[in-house]
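Student: Could we go through this model together, with each term given its cut-off as it comes up?

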Amino acid sequence: MAQAFTRAEVLVLKLLGLGVLVLVAAALGVARWSMAPQIEMQEPVAQPIPFSHKHHVSDDGIDCRYCHASVETSAFAGMPATGVCLTCHSVLFRDAPMLAPLHASNRDNRPLAWTRVHDLPDFVYFDHSIHVAKGVACQECHGRVDQMPLTRRVAPLDMQWCLACHRDPARHLHAPTDIFAMRERPPLAADEMALLQKMYHLQDTRRLTDCSTCHR
């Protein structure tokens with residue numbers, strides 16, 4: 001019986017199949033790389049100005065919302081405009097060399113190009129305001145920034161990390177007065193968690209773990 005393909009045609013088909021496998025593997029590799037946070041955990045990130053949360057929050061007592069003004073009302077926490085920084089630094093440490101980019105930003109009317117430390121893939125929807133409204137304190141995701149001379153990422157920010165919280169949110173809740181407070185909190189008792197969960201009217205874990213909650 002005659003063969004359907006010649007030896008040359010079989011070779012071509014094998015090469016085509018191998019090419020497809022290589023392309024698929026490459027596509028998966030690129031997708032995996034694009035989904036992974038590009039900032040290493042626990043590594044301080046270089047910025048145009050070496051901004052210290054430790055100095056501004058712990059030493060000077062500045063509230064998170066002074067700089068991140070939209071954190072309670074918007075999906076994006078917001079970055080301070082140059083004018084916000086100059087509220088103090090038009091006088092304080094005005095001639096410090098490290099603040100030269102700040103004054104250049106004001107002179108040229110060009111925002112500072114900060115590097116994001118906590119960055120999520122574009123296909124993930126995250127809303128700061130709803131987390132704050134439901135009692136999730138800043139330090140639950142960002143760690144004790146009041147102790148960081150340079151900001152670093154302390155959480156993996158991957159899907160399993162987020163789901164772990166959404167499956168058992170009660171233990172991550174804080175009283176309204178403690179959401180922006182940077183201090184250690186002892187573990188909550190079961191009755192305290194139940195009270196906070198009732199106060200914030202949390203949805204059931206099925207809704208919290210639906211794909212459409214974070215992927216829209």
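Student: What share of the contacts in the protein with a separation of 6 or more comes from residues 24 or more positions apart?
Tutor: This is a predicted model, in which local features need pLDDT of at least 70 and side-chain atom pairs count only at pLDDT 80 or more, while totals for chains, interfaces and linings use all residues. Residues are numbered from 1 along each chain as its sequence is written, and side-chain values use heavy atoms, with hydrogens and water left out. Taking a contact as heavy atoms within 4.5 Å, the share from residues 24 or more positions apart is 71%.

Student: Which residues have the most contacts inside the largest nonpolar core?
Tutor: A nonpolar core is a set of buried Ala, Val, Leu, Ile, Met, Phe, Trp, Tyr and Cys residues joined through side-chain atoms within 4.5 Å, where buried means under 20% relative accessible area, exposed over 50% and partly exposed in between, with a 1.4 Å probe and protein chains only. The largest such core has 16 residues, and those with the most contacts inside it are Leu173, Phe180, Met182 and Tyr200.

Student: Why is cysteine 64 not bonded to the closest cysteine sulfur?
Tutor: A disulfide is a pair of cysteine sulfur atoms within 2.5 Å, and the structure holds zero of them. Cysteine 64 is buried, at a relative accessible area of 15%. Its closest cysteine sulfur, in cysteine 138, is too far for a bond, at 4.1 Å.

Student: How far is the nearest cysteine sulfur from that of cysteine 85?
Tutor: Cysteine 85 is likewise in no disulfide. The nearest cysteine sulfur belongs to cysteine 67, at 6.3 Å.
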